[in-house]
Amino acid sequence: MPDKIKNLKELKKIIRAARSRGKKISALSGAFDILHPGHISFLERCKKSGDILIVLLNSDKSVRSYKGKGRPIHSEAARAKVLSALVPVDFICIFNEPDPRKALAVLKPDIFCQGDDWGADCVERETVEKHRGKIKVFKKIKGFSTTAIINKIRGVAKKQ
């Protein structure tokens, strides 16, 4: 399996070549800390919105900045490795900022996929639209949440 984990400079070259062949680029971002069926469904739906799917993965530092102490559960290297094994994912780029706007400004995807928990009015919208991209919102699959899974595990651990 080729290495799917790339930096922004590498991805910029890959995107340029793909666009010259008429390919459409989709991107999404997230922590993907404990992978669950909701993540898989989201990735599959995002992949259908373009020819190449790039996952902008929050670094450990980035996740801690908005999820707090104790997160992420898995390191960025472990999360990237798991994502790289998934068929819908073409490339992964780890970013350190609290949100992926800097990476989006470089990559300029045609489509930025977002869950309905953030919606089309997400912080990434201005950056995406400035570069002629569109926000595509997907309905979140109910019953799956990394935070809920972590809380459930911690609840079970406390009762033992």
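Which residues does L56 touch, not counting residues up to four places away in sequence? The legends below, which describe a predicted model, come to this residue in the second view.

**View 1. The open sheet and the order of its strands.** In this predicted model, 5 strands form an open sheet in the order 3-2-1-4-5, and their pairing is parallel. Strand 3 (91–95) and strand 5 (134–138) stand at the edges with a single partner strand each, so one side of each is left without a neighbour in the sheet. Direction ignored, neighbouring strands of this sheet are turned against each other by 30° on average. Strand 1 (residues 25–30) runs parallel to strand 2 (residues 52–58), and 6 bridges join the two; L28, for example, has V55 in strand 2 as its bridge partner. Helix 1 (residues 8–20) lies across strand 1, strand 2 and strand 3, and runs at about 145° to strand 3.

**View 2. L56 and the largest nonpolar core.** The residues that L56 touches, with those up to four places away in sequence not counted, are L28, S29, G30, C93, F95, P100, A103, L104 and L107. Together with I54, L56 has the most contacts inside the largest nonpolar core, which has 18 residues. Two or more residues of this core come from each of helix 1, strand 1, strand 2, strand 3 and helix 5 (101–107). Another core, of 16 residues, lies apart from it, and L43, L53, L83 and L86 are among its members. In soluble globular proteins, nonpolar side chains tend to be buried together.

**View 3. The largest pocket and its lining.** The largest pocket has a volume of about 810 Å³, and 34 residues line it, of which S29, G30, A31, D117 and W118 lie nearest its centre. The elements that each give two or more residues to this lining are strand 1, helix 2 (37–47), helix 3 (60–67), strand 4 (111–115) and helix 7 (146–159). Among the elements, helix 2 gives the most to the lining of the largest pocket, with 4 residues.

**View 4. S62 and its surroundings.** Is S62, whose place is in helix 3, buried or exposed? The relative accessibility of S62 is 0%, and because a residue under 20% is classed as buried, S62 counts as buried. When its neighbours within four places in sequence are left aside, S62 is in contact with F95, N96, E97 and P98. F95 is also one of the residues that L56 touches.

Methods: Residues are numbered from 1 along each chain as its sequence is written. This is a predicted model: local features need pLDDT of at least 70, side-chain atom pairs count only at pLDDT 80 or more; totals for chains, interfaces and linings use all residues. Side-chain values use heavy atoms; hydrogens and water are left out. Two strands pair if DSSP finds at least two bridges between them. Axes are lines fitted to C-alpha atoms, for helices over the stretch in contact, and angles run from 0 to 180 degrees between N-to-C directions. Contact means heavy atoms within 4.5 Å. A nonpolar core is a set of buried Ala, Val, Leu, Ile, Met, Phe, Trp, Tyr and Cys residues joined through side-chain atoms within 4.5 Å. Buried means under 20% relative accessible area, exposed over 50%, partly exposed in between (1.4 Å probe, protein chains only). On a 1 Å grid over the protein atoms alone, a cavity is a set of points where a 1.4 Å probe fits but cannot get out, and a pocket is an open set with protein on both sides within 12 Å along at least five of seven lines; lining residues have an atom within 4 Å of a point. Grid points are joined across faces, edges and corners, and a volume is the space filled by probe spheres set on the points.
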